[in-house]
Amino acid sequence: MSEKEGEGAMLNLAEVQRQLVRMVQEQAIRKPDFAQKVGIAVQEAKRWVAGFPHLAAKIAQSKTSWLVAELSTPPTQIFPLPSCPEQWLVFASDGSQIFPDRHEVMMCYLINIGSVVLPYGGSDLPQLSNRPHLFFRENDLYQRWGGRRVLVSEEIVSVRRHLMEVEELVRLARTYKFRPAVALMDGTLILWTLEGKPADFRALMLRRFLKALDLLRQGKVPVAGYISGPSSTDVINALRVGLCPYLFADCDKCEWVRDGKLPPCVVIEGVTDAHLFERLLKPGERSPVFWSNSQILADYGEHRIGFFYLNAGNEIARVEIPQWVAEDEELLNLVHAVVYDQAQKGRGYPVALAEAHEQAVVRGAERELFYEMLEAALIRQGFKVSMTFKLMAKRIPTI
């Protein structure tokens, strides 16, 4: 037995270092080429200011293999930072979970929802809380899925957690009646994970989500999803359509690709929307509202999700909003002003979301303590506690 009994093999750091150096060297070689690509994207965006209606029509009739933003105004239109109201509230929620584990002593799972209420301009104090929810009953552990009852998976638990986050915002909006207020979520408002899922599961999850958005709308609380470090390319893809030499783009029938050549649109391939708007926006400024063409949004109705890019100071963020927020200038300006203000208070990331995350996160040690508490509770009630061999191997390393 080795002197370092119980320790795993050490990572070969010398080999890692060699590969890291090689990676950075290759990136340095590519950097000028990539900067040129970003410059071309900026030129393309500016080129369509006058011919914007033609680009919008071309996008509407094109068939592409990637998501393309629907444009309602030229992509280079810039909106300055509005002022915040004298007094306002910020609601934020975030969630974390302990996934169900069939190797543990009992099948159950826990979702912890953290929430924050931050008042500004008055004398009220911030309110921070977390609400753990334990799920163990039969209807918690099983889900209708394509006409069958299936045991919940990590994916299903994650969707349920996302719904509980937005429902927590509804609870806060009902509890704190003061307006104006903005509700913030970390991440997207587009339920991408529901695309391609069974109709019964998809319909149930969407119904809960859209009901929550309905209640926020009735309470006149605009909701926004904040995406830090976005990698999306919806707007860049719109410019790629503009670069296509054909009347309308049809990627599946592209003659350039068929002949083994690089199509004209490839000159900006690899550039993200954030790279583009990093060149176009000054701190506090935002882009126009664009519209996502995700298939799942066909079921959103009046809650169809739009998005804009915001120079939050330290980064370009993607901010997603429902249609009823985008079409109300007062609510849109409120979201713009408050999200930027939150990012400044949080040194680059909305402070309300950072605090909600801290309230929600379940750390590794807490997960272990959770299962120790579960075992103790079972033993006190006279249950016999047994472990699977896999669980024993995880808890008691043999080497």
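**Exercise 1. Place Gln342 in the fold and decide whether it is buried or exposed.**

Gln342 is found in helix 10, where helices (H or I, at least four residues) and strands (E, at least two) are DSSP runs numbered from the N terminus. The model is predicted, so local features need pLDDT of at least 70 and side-chain atom pairs count only at pLDDT 80 or more, whereas totals for chains, interfaces and linings use all residues. Residues are numbered from 1 along each chain as its sequence is written, and side-chain values use heavy atoms, with hydrogens and water left out.

Step 1: buried means under 20% relative accessible area, exposed means over 50%, and partly exposed lies in between (1.4 Å probe, protein chains only). Step 2: Gln342 has a relative accessible area of 0%, and therefore counts as buried. Step 3: for a spatial reference, Gln342 and Trp291 lie 51 residues apart in sequence and 24 Å apart in space, C-alpha to C-alpha.

**Exercise 2. Describe the second largest pocket and state which helix gives the most to its lining.**

Step 1: on a 1 Å grid over the protein atoms alone, a pocket is an open set of points with protein on both sides within 12 Å along at least five of seven lines, a 1.4 Å probe is used, and lining residues have an atom within 4 Å of a point. Step 2: the second largest pocket holds about 220 Å³ of space, a volume being the space filled by probe spheres set on the points, which are joined across faces, edges and corners. Step 3: helix 10 (residues 329–345) gives the most to the lining of this pocket, with three residues. Step 4: among the lining residues are Arg179, Arg217, Lys220, Trp324 and Asp328. Step 5: by class, the lining has four nonpolar, no polar and five charged residues, with Ala, Val, Leu, Ile, Met, Phe, Trp, Tyr, Cys and Pro counted as nonpolar, Asp, Glu, Lys and Arg as charged, and the others, Gly among them, as polar.

**Exercise 3. Describe the lining of the largest pocket and how it divides by class.**

Step 1: the largest pocket contains about 250 Å³ of space. Step 2: of its 18 lining residues, Trp66, Cys251, Cys254, Pro263 and Cys265 lie nearest the centre. Step 3: helix 6 (234–243) and helix 7 (255–258) each supply at least two residues of this lining. Step 4: the lining of the largest pocket comprises 14 nonpolar residues, one polar and three charged.
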